[in-house]
Amino acid sequence: MSRPLGLLRPFRLLRPRARLVPSLALSAVLLSASVPTAGAADGLGDPVFPSLGNTGYRVLGYDLAFDYRAGPRTVDGTAVLTVRPDRALARLDLDALGLAVRAVRVDGRPAGFAAHDEKLTVTPARPFRPGAVARLTVEYTADPRAALPHTGWVPTPDGFAVAGQPNSAHTVFPCNDHPSDKARFTISVTAPDALRGVANGELTATERRGDGRTTRRYVSREPMATELVQVSVGDYTVRERTGPHGLPLRDVVPTARAAELEPALALTPGQLAWAEAHLGPFPFETYGLLPANTDDPAAFAFTGLETQTLTLYKPNFLRQAEPAIGSHMMHELVHSWFGNSVSPARWSDLWLNEGHADFYGLLYRYERGWPDAWGYTTLTDRMRYLYGLGDQWRHDSGPVASPTAADLFDSQRYTGGALVLFALREKVGAAAFDRIERAFLRTYRSGNATTEDYVRTASAVSGQDLRGFLDDWLYGLRTPPMPGHPDWVVGPVGLAGAAPGAPGAPVPGASLWESGAAEAGGPAVARGSGTL
C-alpha cells in the first residue's frame with residue numbers, strides 16, 4: 001500500500017516574520033511562553049513537528065557552557081555554534097524557547113537578535129557567506145523551573161537534569177533542534193564544589209575555580225542529535241567500572257542512594273555483552289546510567305531516556321529486582337545503536353528507534369526466562385498477542401510509520417514497530433535478518449537514516465524486493481498476514497480499552513509503577529514503561 005501523500009508534503013503555513021530588533025544595546029530578549037507557535041514555514045517541515053529545525057545552514061559543532069547558580073537555582077549559559085551556511089544569508093534562525101538572551105555575537109562581532117515564535121533570529125553585521133564557517137555565540141540565562149508549553153529541564157532538589165526528546169532541547173540551549181542536523185558537542189558544567197556537574201561523553205578537564213565552584217569539561221567523540229544532550233547538576237557520586245573489550249563505564253548516581261542502586265548498575269557489563277553479540281561493537285566511547293536525583297512522579301513522564309552515553313532514569317525504578325528492570329534497561333541500551341548512533345532523519349522514522357529497542361528488549365527478556373506482564377515466556381507468543389491488536393492500534397494510532405505529534409510516543413511505535421521487525425524476520429529468516437540489522441548499522445553509523453533507507457537495506461541484503469511487503473506493514477491501514485503463521489487472527493476494531501495492552505489500557509499483572517504509567521497514557525506507556 002502506498003504511503004499517504006500528506007505525510008510527504010506537509011502543508012506549509014506562511015506567517016509574517018517578526019520585526020527584527022534594530023538596536024544592539026538590547027539588554028535581554030526573553031523567548032517567552034506567550035509567543036505563538038511557529039508555522040511550518042519557519043522550520044524544516046518535518047511531518048510530525050513542522051516548525052522544528054531551520055534551513056540554510058548546518059551546525060558543525062556546539063561548545064556549550066552551563067553555570068548553575070544554587071541560590072536562585074538558575075543557569076547562566078553560553079552556546080557557541082559553529083555553522084556552515086549553504087547559501088548567502090542575511091540572517092538565520094535558531095530554535096529557542098524560555099531563554100533570556102543577553103547578547104549574540106557572530107565571529108566575535110555583536111549581532112542583532114530577535115525572538116519570534118520558538119525562534120531566535122540572528123542578524124550579523126555582514127551577511128553569512130555560503131560555505132564560509134561562522135561562529136555564533138549566544139549568552140543567556142534559563143530557569144529550569146520556568147513554566148513553558150514544553151520543557152527539556154528536569155528540576156531536582158539540588159540541581160537539574162535534561163530530557164529534551166523530542167522537541168525541547170531548545171528550551172535548554174539555542175540550537176538547530178532536529179535530529180537530522182547532528183553535530184559534535186563539547187559541554188562545560190560549572191557547579192558549587194558540594195555538587196557535581198556532568199554531561200555526555202568523556203570528562204577531559206576539571207578546574208577548581210577558587211571561588212567555591214568547579215568546572216568540568218566533557219567531549220563527545222561521535223556526533224549527536226540535540227534531543228540526546230544530557231547535562232545534570234546534583235549531589236552525585238561517579239561509579240566507574242569496565243565493560244566488554246575494556247569499554248569505560250561511568251554511572252552518575254545520587255550520593256545518598258549509591259549503595260541501593262548498585263545492584264542495578266552492576267548489570268550493565270553483561271547487558272552490553274549480549275547487545276554486542278546481536279548488534280556489533282558498541283558505537284560510543286563510554287556508557288552509563290544517570291538516575292536523576294528526584295523521585296517526583298511529575299519530573300518526567302517516562303522511566304528511562306537514552307541521552308547519549310548517559311541514560312537518564314528515575315531512581316526508584318532501578319531499585320527493583322533484575323527481572324523487573326532488565327528488559328527495559330536493554331531497551332535503553334539498544335538505543336545506543338538505534339536512535340543515537342543511527343538517528344532518525346525525520347520524526348516519522350521514530351519506529352526505527354523504538355521498534356528495535358522493544359524488539360531486542362523483549363528478546364532479551366525471553367532468553368533470560370522472565371515472563372512478561374501478560375505471562376508470556378516466548379517472543380512468538382507475545383507477538384501473536386500483539387498481532388491480534390494490530391487493526392485496533394492502526395485505527396487508534398495510525399500505521400506504524402505514520403505518527404502525529406499527539407501519538408508519536410504510543411505503543412504503535414514501540415511494540416507495533418517490534419511486530420514489524422518480527423514479521424520481517426519471519427519473512428527472510430533469522431540469519432538474513434541479523435545480516436540486515438548489522439548492514440544497516442554499519443552503513444548509517446554516526447548519521448541519519450529514513451524508513452526508506454531501512455527498506456532498501458533489507459531488500460539488498462536479503463536478495464528480495466521487500467518494498468511492497470514492508471510498505472504494507474509500515475503504512476497499511478490493515479494488518480497484513482503474518483509470514484509463516486496463517487492461523488494468526490487479527491481482532492476486530494471497536495474494542496479499544498477493553499483489550500489488555502491496547503494503548504492506555506491497564507496492564508494485567510503489571511507492577512504498580514507500570515499500571516500508573518499505563519493510566520497516564522502517551523509517553524509514559526510508550527517509552528518502555530509497561531510494554532516490556
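A crossing of two helices is called left-handed if the near helix is turned anticlockwise from the far one by less than a right angle. Keep that in mind as we walk through this predicted model, because the crossing of helix 6 and helix 7 is left-handed.

Let's stay with that pair for a moment. Helix 6 covers residues 390–397 and helix 7 covers residues 411–428. Their axes lie 11 Å apart and make an angle of about 150 degrees. Angles over 145 degrees count as roughly antiparallel, so helix 6 and helix 7 are roughly antiparallel to each other. Which residues actually meet? On the helix 6 side look for W393, R394 and S397, and on the helix 7 side for S411, Q412, R413, T415 and G416. Sort the residues of this contact by type and you get 1 nonpolar, 5 polar and 2 charged.

Now slide over to helix 5, residues 379–388. Its buried residues are L379, R382, M383, Y385, L386 and Y387. What do they pack against? The buried residues of helix 5 pack against helix 6 and helix 7, the pair we just visited, and also against helix 4 (350–368) and helix 10 (467–475).

Next stop: T450. You'll find T450 in the loop between strand 23 (448–449) and helix 9 (451–462). Is T450 buried or exposed? Its relative accessibility is 15%, and the cut-off for buried is under 20%, so T450 counts as buried. Leave aside the neighbours within four places in sequence, and T450 is in contact with A345, R346, D349 and L352.

Another loop residue worth finding is H170, which sits between strand 11 (159–162) and strand 12 (183–192). At 1% relative accessibility, H170 counts as buried too. What surrounds it? Again setting aside neighbours within four places in sequence, H170 is in contact with L52, D95, A96, L97, L99, E118, H150, C175 and D177. Try tracing the chain from H170 to G98: these two are 72 residues apart in sequence, yet their C-alpha atoms are 8.6 Å apart in space.

Time for some strands. Strand 11, which we met as one end of the H170 loop, pairs with strand 10 (residues 153–156) in the antiparallel sense over 4 bridges. The two form a hairpin with 2 residues between them. To check the pairing by eye, find V154, which stands opposite A161 in strand 11.

There is also an open sheet of 3 strands, in the order 4-8-7, with antiparallel pairing. Which strands are at the edges? They are strand 4 (92–95) and strand 7 (112–116), each of which pairs on one side only. On average, neighbouring strands of this sheet are turned by 25 degrees against each other, if you ignore direction. Strand 4 and strand 8 (residues 119–123) run antiparallel and are joined by 4 bridges. Here D93 stands opposite T121 in strand 8.

Last comes strand 16, residues 231–234. In a regular strand the side chains alternate between the two faces of the sheet. In strand 16, V231 and V233 are on one side, while S232 and G234 are on the other. All four are buried, so both faces of the strand are covered. Strand 16 runs antiparallel to strand 13 (residues 196–199), and 4 bridges join them. In this pairing, R196 stands opposite G234.

Notes
Residues are numbered from 1 along each chain as its sequence is written. This is a predicted model: local features need pLDDT of at least 70, side-chain atom pairs count only at pLDDT 80 or more; totals for chains, interfaces and linings use all residues. Side-chain values use heavy atoms; hydrogens and water are left out. Buried means under 20% relative accessible area, exposed over 50%, partly exposed in between (1.4 Å probe, protein chains only). Contact means heavy atoms within 4.5 Å. Axes are lines fitted to C-alpha atoms, for helices over the stretch in contact, and angles run from 0 to 180 degrees between N-to-C directions. Angles under 35 degrees count as roughly parallel, over 145 as roughly antiparallel, 65 to 115 as roughly perpendicular and the rest as oblique. Ala, Val, Leu, Ile, Met, Phe, Trp, Tyr, Cys and Pro count as nonpolar, Asp, Glu, Lys and Arg as charged, and the others, Gly among them, as polar. Two strands pair if DSSP finds at least two bridges between them.
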